[in-house]
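Subject: Structure for your review

Dear colleague,

Please find below the structure that I am handing over to you. My findings are set out after it.

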Amino acid sequence: MARSRSSTTRLLYTLRSSIYPSSTSPIAPPSPITALLHLHRHYSAAPSLRAKDDKEPWWKESMDKVRNIGISAHIDSGKTTLTERVLFYTGRIHEIHEVRGKDGVGAKMDSMELEREKGITIQSAATYCTWKDYQINIIDTPGHVDFTIEVERALRVLDGAILVLCSVGGVQSQSITVDRQMRRYEVPRVAFINKLDRMGADPWRVLNQARKKLRHHSAAVQIPIGLEEDFQGLVDLVQLKAYFFHGSSGEKVVTEEIPADMQAMVSEKRRELIEAVSDVDDQLAELFLSDEPISSADLEAAIRRATIARKFIPVFMGSAFKNKGVQPLLDGVLCYLPCPLEVDNFALDQSKKEEKVKLSGTPSGHMVALAFKLEERQFGQLTYLRVYEGVLRKGDFITNINTGKKIKVSKLGRMHSDSMEDIQEAHAGQIVAVFGLDCASGDTFTDGSVKYTMTSMNVPEPVVSLAVSPVSKDSGKQFSKALNRFQREDPTFRVGLDPESGQTIISGMGELHLEVYVERIKREYKVDATVGKPRVNFRETITQRAEFDYLHKKQSGGQGQYGRVCGYMEPLPAGSETKFEFENMMIGQAIPSSFIPHIEKGFREAANLGSLIGFPVENIRVVLTDGASHAVDSSELAFRLASIYAFRQCYAKCKPVILEPVMLVELKVPTEFQGTVAGDLNRRKGIIVGNDQEGDDSVINALVPLNNMFGYSTSLRSMTQGKGEFTMEYKEHSPVSSDVQTQLINAHKPKTAE
């Protein structure tokens with residue numbers, strides 16, 4: 001009793017000291033009654049401090065139990081199937097439906113009719129669910145490279161990700177692209193090897209591929225019990241337990257002891273896991289090197305530290321379609337992926353010349369949110385926001401930093417695929433949707449007290465163009481409305497006007513990308529559109545340096561025009577970040593400095609239209625060294641025109657060449673058709689850069705000009721009796737051969753003559 005009273009006294013003394021921190025004189029421990037009186041007076045006098053003390057543990061615990069994750073993979077690896085199981089096991093949906101919608105319903109996350117018909121994900125879809133008192137916000141992303149922007153913007157706002165790999169297909173072309181995107185946005189991730197029930201499943205081959213092709217420092221945290229049709233369950237290498245999945249939908253997870261015949265393999269793989277984590281975690285390395293027993297808790301904590309630091313990727317296994325391994329994967333998301341407080345997010349302070357500012361990521365800071373995705377709905381624009389700091393409440397006024405406009409938040413909700421559930425407020429770390437915000441994808445919103453903008457996401461340049469026009473002239477208004485909407489929603493979808501033909505040109509990431517938008521114009525806006533032949537987005541560039549000296553002089557009554565520019569043009573070095581550079585190296589004031597920006601504007605304008613085939617000129621540096629002006633006749637217009645004519649005069653001397661988009665094509669065909677397919681790639685001027693064997697299939701990687709790839713899916717089907725498949729993504733723009741350049745220039749001449 002005496003000891004208990006003594007500890008209580010010490011506690012109250014500590015409280016008293018915290019209330020009066022300025023007191024430096026030694027004070028005898030007060031009596032418990034005196035300390036309680038002091039405590040009462042302190043709390044009565046400082047209600048705001050009391051509220052802070054009460055509130056801090058609330059949001060800390062709340063944010064610790066939030067996970068923002070994305071599910072990304074190569075096309076047809078089972079992302080949407082996995083998400084469907086996650087929603088079922090967490091109680092968000094009560095029935096499992098398959099991706100292609102054969103039962104007339106389709107997967108919850110593929111809410112668009114086109115997605116259910118084609119069996120692919122076109123738009124990323126957001127949802128949230130609860131697992132073991134944790135809130136998990138999930139974004140299911142497309143696998144097809146044509147919709148790569150959906151993956152970019154999802155990864156931009158997420159704290160962690162699941163990289164799904166097929167146990168048969170292994171690491172495929174889009175797996176590499178998605179992994180590259182995860183690295184770009186520094187997203188910690190876990191890997192999930194799916195489809196262990198399929199013929200030819202080999203998770204260890206896939207794990208080795210991930211280490212070689214993706215340079216992953218990874219190890220399995222589970223091993224399968226059986227494979228292919230004998231796949232029964234999993235052994236957890238951290239907890240040393242075996243999991244079996246019973247029930248009609250695998251909802252009952254039964255924990256058992258590890259089968260006796262697997263003990264040796266489990267010991268070997270667990271040691272491999274411990275060694276891999278010890279390489280990147282000092283605390284575990286100390287235990288490992290001193291030969292101390294490593295408990296499950298030690299190993300789990302080490303894996304979490306290494307995963308959040310992006311030094312290690314734990315590998316889970318299972319079969320989403322057969323309802324095995326999904327619940328342990330969810331446990332892994334909670335254990336190993338970070339909460340919003342464990343991720344560093346930075347903003348640029350516009351009031352301090354874009355100084356980089358680290359956000360606290362807590363609800364107690366200024367409200368900062370990023371609009372990362374837009375959707376047009378029946379009642380207006382729906383904007384997806386990630387709240388990075390502060391609290392966003394319904395009825396608040398928020399400021400769009402990019403436009404300066406102040407907007408009221410009239411409707412706030414959380415998304416569950418295509419349905420929205422109203423909420424009153426959202427704090428830092430949450431992903432929400434707001435109706436009625438007039439903004440573009442990538443805009444930053446704050447409460448007006450700070451001028452922060454979030455760093456932008458990477459938007460790849462479109463590579464394919466189509467001419468489109470409405471069949472009926474009466475539907476022109478709806479047609480324009482559709483194009484404007486899609487352009488706002490998707491930064492990789494561009495709309496322009498051909499100055500020669502007057503046609504509307506749409507540009508995107510591939511044939512499928514544009515085909516989907518044309519189909520959506522028809523379905524969602526009831527507008528039939530005629531589509532022209534796909535046009536490749538060529539570019540032009542120069543190969544050598546040449547000098548220019550041009551005098552623009554015009555006198556026709558009244559004020560004349562006079563401007564002279566001298567200098568040179570040269571190609572930029574390979575790998576330059578900019579595509580056009582202008583440099584003023586003029587000594588003296590031969591040209592007044594007020595005209596220099598207009599000279600640059602003239603050169604930039606001229607570079608938008610190369611003289612070979614009328615495409616923009618890239619990788620060019622223009623240097624101004626001298627010039628002349630007239631006291632009366634020189635003007636902004638005179639120098640702009642002088643620059644345009646100087647560019648045209650000098651361009652031919654620089655030996656210009658045409659650049660074409662080259663695609664990285666990955667084909668998977670039965671070995672018997674390998675020779676035929678390789679021969680066809682050669683005819684299309686493709687260069688084969690890799691050829692691997694996967695069971696009975698050959699995997700061919702090739703670089704092929706996009707201009708030679710139109711209609712390839714039909715050709716491949718006929719060559720392989722429908723058994724071949726391919727994916728392609730943009731690699732780079734490369735010079736065309738001299739004969740192709742001549743053909744393109746000759747084809748362009750009649751257009752310019754018109």
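The notes below concern one strand and the nonpolar cores.

Please bear in mind that this is a predicted model, in which local features need pLDDT of at least 70 and side-chain atom pairs count only at pLDDT 80 or more, while totals for chains, interfaces and linings use all residues. Residues are numbered from 1 along each chain as its sequence is written, and side-chain values use heavy atoms, with hydrogens and water left out.

Strand β11 covers residues 313-317 (helices, H or I with at least four residues, and strands, E with at least two, are DSSP runs numbered from the N terminus). Because 5 of its 5 residues are buried (under 20% relative accessible area, 1.4 Å probe, protein chains only), β11 is largely enclosed by the rest of the structure. I313, V315 and M317 cover one side, and P314 and F316 the other.

β11 pairs with strand β5 (residues 189-194) in parallel through 3 bridges (pairing requires at least two DSSP bridges). Within this pairing, I193 is the bridge partner of M317. Strand β6 (residues 218-220) is likewise parallel to β11, over 3 bridges, with S218 opposite I313.

The largest nonpolar core (buried Ala, Val, Leu, Ile, Met, Phe, Trp, Tyr and Cys residues joined through side-chain atoms within 4.5 Å) has 76 residues. Helix α12 (residues 326-336) supplies its largest share, 6 residues. L82 is among the residues with the most contacts inside this core. Beyond neighbours within four places in sequence, L82 is in contact (heavy atoms within 4.5 Å) with I71, V164, F192, A320, V326 and L329. A second, separate core of 68 residues includes Y525, F538, I596 and V617.

Yours sincerely

Note on methods:
Buried < 20%, exposed > 50% of the residue type's maximum accessible area, 1.4 Å probe, protein only.
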